[in-house]
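Colleague: I'd like a close look at one part of this model, namely how its strands pair up. Please bring in whatever surrounds that part as well.

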Amino acid sequence: MNPTSDIHALSGAFAVDALGDLERAQFEHHLAECAECRAEVASLRETAALLAQSEAEAPPESLRQGVLSGIGQIRPLPPEPPAQPAQPAPAVRTDVRRRRLPQLLAAAAAVVLLAVGAVLWHPWQHDRANVADQVLHAPDAVTITEKLPGGAGEITLVRSVALGKAVMIADDVPQPPAGKTYQMWLQQPGQPMVSAGLMPDPKEPAVLSGDASTASAAAVSVEPSGGSAHPSADVVAVFPLKPT
Amino acid sequence: MSHLRPVPDDPSPEEGGSLPARLAELLKRAARGDEKAFAEWYDATAARAFGLAVRVLRDRAQAEEVTQESYLDCWRHAARFDPAKGSAMSWLLTIVHRKAVDRVRASEASFRRDAAYGLRDAGVAHDETAESATASIEAHRVRAALADLTRKQREAVELAFLGGYTHTEVATMLDLPVGTAKTRIRDGLIRLRDALGVGEVGTA
């Protein structure tokens, strides 16, 4: 990633959920390091909350009943451990501790999770793969963006040769049709395309399996649910990759 | 009827027996499993949460689902709410808004993209019908502050927040160069914040 100097300017759009997925991920990363932006986002969210009041509308009684009967079956989670550096730390951090991974590994994971998760408003939404975050924020990460046909959004491929991994992030890409899925592909030089895994939900960054550092191309196609062994004719994006 | 409190004279999110302080306290009790406190919190906040969901989604059935999911999340995570980092209302509405926006973008990504070109006024027009329920000093202040924005700033803020559009979509809808809308959204929100006297929060 290569955050531009005016990344601060995204604070307003971030505060009202007006960023695309890639920019959102970039800005969340930036927030971990920028107390000024954290404060600004918080204050702009307070402001937006005031705007919402002119839209207030009493919900039906059935909603109240649904909520109150629902909570009877949900156990409230315990508080975060104390001494957090910032707004709700990620739930996953607690989980890492509970699983008692070897100390070094846990420490390394906690550093990554803290950096990314410390600023997130919804800690429970942050179970996104760590690999994706590592690739997105790798110093050597290179991005290629391809528009999908028919104005159906775009997909950005982020590749870190050093990590040997690539991640796809879809922006404004519709959910696949019923019974279909997006499937990712990698091509090694002189070889046919090989499946790099499915992207069942285009809203979630997807890590490609396979060695992305040596690949000469990546692609996305629409396949029947469960995926295919070879890409169908319905390839929606192709990313040429520079060999290393 | 105990939940129908008068609107406080000073609606800024300060401490001290105000609505924000009471909401934070109720949430704290809910975190310990106090369902009655949560019910009271729901009663005090549901109209705003539901109204926002309806505004973004424009579909009452979906808005009900999103609102319910949001409240169940709030119950589950009540212990993680930190009043030092923002108000309970903002915490709730942030969750509702994110869920509503995620839903429109997932289900209507291509449809809304097309609609963006045809419905340039979508999201800009003021809907007065919903306002009677919360006519209050605060509402007047918000309207006055909104009126103080430039028309371009107001449109950008409303399309982004109430319309649920991305800043690039807002740029298209307002015939702005990409990159300009995000600045306008931020400038508009900052001006509103300052006009409404929203204090510094989340500085930790």
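Modeller: Let's begin with the ground rule: two strands pair if DSSP finds at least two bridges between them. Helices (H or I, at least four residues) and strands (E, at least two) are DSSP runs, numbered from the N terminus. Keep in mind that this is a predicted model, where local features need pLDDT of at least 70 and side-chain atom pairs count only at pLDDT 80 or more, while totals for chains, interfaces and linings use all residues. Residues count from 1 along each chain as its sequence is written, and chains are lettered from A, ligands numbered from 1, in the order in which they are written.

For strands, you want chain A: its secondary structure comes to 7 helices and 8 strands, whereas chain B has 8 helices and 0 strands.

One sheet in chain A is open and has 4 strands in the order β1-β2-β3-β6, with antiparallel pairing. Its edges are β1 (142-147) and β6 (206-207) of chain A, each pairing on one side only. Zoom in on β1(A) and β2(A) (residues 154-160): 6 bridges hold this antiparallel pair. If you want a spot to click on, try Thr143(A), whose bridge partner in β2(A) is Val158(A). Helix α2 (residues 21-33) of chain A packs on this sheet, touching β2 and β3 (165-171) of chain A, and the direction of α2(A) makes about 120° with that of β3(A). Touching here is a matter of contact, meaning C-beta atoms, placed from the backbone, that lie within 7 Å. Angles run from 0 to 180 degrees between N-to-C directions, with axes fitted to C-alpha atoms, for helices over the stretch in contact.

The other sheet to look at in chain A is also open, with 4 antiparallel strands ordered β5-β4-β7-β8. Here β5 and β8 (235-240) of chain A are the edge strands, and each pairs on one side only. From one strand to the next, the twist averages 25°. Within this sheet, β4 (residues 180-187) and β5 (residues 194-199) of chain A run antiparallel and share 5 bridges. Two places show the register: Gln183(A) has Leu198(A) as its bridge partner in β5(A), and Met184(A) stands opposite Gly197(A) of β5(A). The two strands β4(A) and β5(A) make a hairpin with 6 residues between them, and Gly190(A) in the turn has a positive phi of about 75°.

Now for the surroundings. In chain A, 43% of the 244 residues count as buried, that is, 20 or more other C-beta atoms, placed from the backbone, lie within 10 Å of the residue's own (exposed is 12 or fewer, partly exposed in between). Of the contacts in chain A with a separation of 6 or more, 56% come from residues 24 or more positions apart. In chain B the corresponding share is 66%, and buried residues make up 48% of its 204 residues.

The chains also meet each other: 61 residues of chain A are in contact with 75 residues of chain B. On the chain A side, α1 (11-15), α3 and α4 (61-71) each supply at least two residues. Helix α3(A) gives the largest share, 14 residues. By type, that side of chain A splits into 36 nonpolar, 15 polar and 10 charged residues; Ala, Val, Leu, Ile, Met, Phe, Trp, Tyr, Cys and Pro count as nonpolar, Asp, Glu, Lys and Arg as charged, and the others, Gly among them, as polar.

Follow α3(A) (residues 35-52) across to α8(B) (residues 180-196): their axes are 9 Å apart and the packing angle is about 75°. The residues making that contact are Ser43(A), Leu44(A), Thr47(A), Ala48(A) and Leu50(A) on α3(A), and Leu189(B), Leu192(B), Arg193(B) and Leu196(B) on α8(B). They come to 6 nonpolar, 2 polar and 1 charged.

Last stop, α5(B) (residues 137-147), where Glu138(B), Val142(B), Ala145(B) and Leu146(B) are buried. Those four lie on the same side of α5(B), because they cover an arc of only 100° around the axis. On the other side, Ile137(B), His140(B), Ala144(B) and Ala147(B) are exposed. The cover over the buried residues of α5(B) includes α3 of chain A as well as α6 (151-161) and α8 of chain B. The arc is taken from the directions from the helix axis to the C-beta atoms.

Definitions and conventions:
Two residues are in contact if their C-beta atoms, placed from the backbone, lie within 7 Å.
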